[in-house]
2 protein chains.
Amino acid sequence: MSVTINDIAKRAKVSSATVSRVLNNSGYVKEETRQRIVVAIKEMNYTPSAIARSLSKCETNTIGVIVPDITNAYFGEIIKGVSERAERNNLNIILFNTDNYLEKEVRALKLLKEQRIKGIIMTPGFGEEKFNENYIKTINTLNIPIILVSADVKFTKLNGVFVDNIKGGFEATNLLIKEGHTKIGIMTGLLSSEPVMDRLEGYKKALKENDIDFCNKYVLYGDFKIDKAYELTKKLFEEKDRPTALVVCSNMMTMGVIKALKEDNKDIPRDLAIVGFDKIDFLDIVGLNITYMEDCPIELGRASMDMLVDIISSTEDDCVRRMIIAPQIVVKGSEKKI
Amino acid sequence: MSVTINDIAKRAKVSSATVSRVLNNSGYVKEETRQRIVVAIKEMNYTPSAIARSLSKCETNTIGVIVPDITNAYFGEIIKGVSERAERNNLNIILFNTDNYLEKEVRALKLLKEQRIKGIIMTPGFGEEKFNENYIKTINTLNIPIILVSADVKFTKLNGVFVDNIKGGFEATNLLIKEGHTKIGIMTGLLSSEPVMDRLEGYKKALKENDIDFCNKYVLYGDFKIDKAYELTKKLFEEKDRPTALVVCSNMMTMGVIKALKEDNKDIPRDLAIVGFDKIDFLDIVGLNITYMEDCPIELGRASMDMLVDIISSTEDDCVRRMIIAPQIVVKGSEKKI
């Protein structure tokens, strides 16, 4: 059980108000009494409560972090970046994992609001296609600084650190075009995901700028998961007219594509050139060198925490801050036209 | 800025004590006044502070979780398991990532103590070889229920959910012996890690039970990292008398071993049979079927949270609870003797 001021008071045979004066170093206390209280505090191993301190200031030294999937290393990297900077600013992190469920996101936001925290850093889940009144209302009535990281929320304008996914889609496609590919496909994730929509837009833009016709059947509609990507790739090779290169919009889907190709002894890039999104550490190790667009999630985490600290310490709070980081292309050879 | 009881009181033109009575549904308030206060609460979008509530109960609805590496999916799975059960019990999680630094672990423990949380779930880092007075004292004077998960702390006896790593090392080695291997090596992690010491013990036990002499030079001293494992494997193949099979004590080191073998076009298991520890999702996908001992970290997370809830709600608190989960062997073919 925790030791309270009352316990200290009882042991030191003084009133709790006197203990409080000693703890806060305010008001007069006889030196002898003070000594007795200090001894009691030490003997009882008392820690002044952060809760009591935060109540008087009406907020805690805590921020909330909400991610859609804690087992995905991408979000682990974001949290690592946030947590590095939080530590530097003496802030603690309350973590919520939503498993991509919108109700869990709403619940997390409401619980965090109750905690009187300093701010929230959140990667929303795959996002909402339709306007969801409860969700948007919860976000808009938070009255707590919120920073989105990596993915945006539709139908409202919030602070955030984002990746320029239009540029990402454009550069990935453009690299393949420069290699000589003209039949280029794209595997998207769920279209409710804003990053994916942007990557698709960048893809179309690159085709257009290079006078290559957009071909509807070269767009493969994935769901971010390995299995669906695997199926789509298998089906792709049943088609007569198929792309020679593929932009793949997430790390998990890249794995599914590789699985399907490996199983049928297809070669990358000879049978299908690939440019993926997000780093997959293990691929290099097993000798698969896949070119990809790099978000650098640890940097996104750091930048979002820096932005939050900036907003907390700022006196003006009426402008929405949005930082857009350009993704980097990491060329490994899987984009080649052979 | 957060709305306080005082703001409500001002708006409803009553005292804050009256607002408090309405919020807590205690004491008499005229119906008309009550209505005015309820309207003010709604208009000002007031949320009763969890801090204020927790102060009166002298603890928060929060637990602390400390992990050594948030970017490792193994700990992501543990947190996922903890967070599932925390949600069910209406508990929030304050997260600390220590990057395997002991000072960060001590700092996290001290900060959590200040927060008056209900309990702590912690995976200690690689552990301490030597008795560290400050560390052990911090843990022993917490006065908060603490549950270790997956790894133990030496020099003290704490609650925890652990894996039977002696059994793990034994079964891994025994499988290789049954396949006909007699020259079996082991790649350990840092010897300050208790799970690794136990796996080494299990390895020795299996050799002894099968009348195979323990050979010191078959023990490769790794550090859990890919690079060192890669180097050790390269060096291994320079030896004339070398093992035909290897027990590899962590997922990262398994990657390093595979990297070295792939680079030199060595075949698994023909050139070296392998039994690893911990699942590596991506390996199957790229067609590398590695036999491994499975911890099931999400289950460890769930069990540790269940144990914590049990301790919190229990009236007796003097017995140390330790649950040992047996690892499962997942056979994929890399253990074969060809």
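Start by selecting A:N90, in the loop between α5 (73-88) and β2 (92-97) of chain A. Check its backbone: phi is positive, about 55°, even though A:N90 is not a glycine. Keep in mind as you click around that this is a predicted model.

Now jump to chain B for another positive phi. B:C296 sits at about 60° and is not a glycine either. You'll find B:C296 in the loop between β10 (291-294) and α13 (297-313) of chain B. Color by accessibility and B:C296 comes out at 30%, so it counts as partly exposed.

Next, the prolines. Select A:I268 and A:P269 and look at the peptide bond that links them: it is cis, with omega near 5°. A:P269 belongs to the loop between α11 and β9 (273-277) of chain A. Then do the equivalent selection in chain B, where B:I268 and B:P269 are joined by a cis peptide bond with omega about 5°. Here B:P269 is in the loop between α11 and β9 (273-277) of chain B.

Back up from that loop to the helix before it. Show helix α10 (residues 226-236) and helix α11 (residues 251-263) of chain A: their axes come within 7 Å and cross at roughly 45°. The pair is therefore oblique, and the crossing is right-handed. To see what touches what, put sticks on A:I226, A:A229, A:Y230, A:T233 and A:K234 from α10(A), and on the α11(A) side pick residues including A:M253, A:V257, A:K259 and A:E263. Sorted by class, the residues of this contact are nine nonpolar, two polar and three charged.

Switch to chain B and show α10 (residues 226-236) with α11 (residues 251-263): the packing angle is about 45° and the axes are 7 Å apart. That makes α10(B) oblique to α11(B), and this crossing is right-handed. From α10(B), select B:I226, B:A229, B:Y230, B:T233 and B:K234; among their partners in α11(B) are B:M252, B:G256, B:A260 and B:L261. The class split here is nine nonpolar, two polar and three charged residues.

Which residues touch the most other members of the largest nonpolar core? Select A:M187, A:V257, B:M187 and B:V257: within that 94-residue core, these are the ones. Zoom in on A:M187 and show what surrounds it. Beyond its neighbours within four places in sequence, A:M187 is in contact with A:L220, A:G222, A:A229, A:L232, A:T233, A:L246, A:V247, A:V248, A:C249, A:M253 and A:V257. There is also a second, separate core of 48 residues, which includes A:I79, A:A303, B:V67 and B:L95.

Leave A:A303 highlighted and add A:F162. How far apart are A:F162 and A:A303 in sequence and in space? They are 141 residues apart along the chain, and 9.8 Å apart from C-alpha to C-alpha. A:F162 lies in strand β5 (residues 159-163) of chain A. With a relative accessible area of 5%, A:F162 is buried.

For a last selection, show the residues in contact with A:F162, leaving aside neighbours within four places in sequence. You should have A:L148, A:S150, A:A151 and A:D152, then A:L300, and finally the run A:R322, A:M323, A:I324 and A:I325.

Definitions and conventions. Residues are numbered from 1 along each chain as its sequence is written. Chains are lettered from A and ligands numbered from 1 in the order in which they are written. This is a predicted model: local features need pLDDT of at least 70, side-chain atom pairs count only at pLDDT 80 or more; totals for chains, interfaces and linings use all residues. Side-chain values use heavy atoms; hydrogens and water are left out. Axes are lines fitted to C-alpha atoms, for helices over the stretch in contact, and angles run from 0 to 180 degrees between N-to-C directions. Helices (H or I, at least four residues) and strands (E, at least two) are DSSP runs, numbered from the N terminus. Angles under 35 degrees count as roughly parallel, over 145 as roughly antiparallel, 65 to 115 as roughly perpendicular and the rest as oblique. A crossing is left-handed if the near helix is turned anticlockwise from the far one by less than a right angle, and right-handed if clockwise. Contact means heavy atoms within 4.5 Å. Ala, Val, Leu, Ile, Met, Phe, Trp, Tyr, Cys and Pro count as nonpolar, Asp, Glu, Lys and Arg as charged, and the others, Gly among them, as polar. A nonpolar core is a set of buried Ala, Val, Leu, Ile, Met, Phe, Trp, Tyr and Cys residues joined through side-chain atoms within 4.5 Å. Buried means under 20% relative accessible area, exposed over 50%, partly exposed in between (1.4 Å probe, protein chains only).
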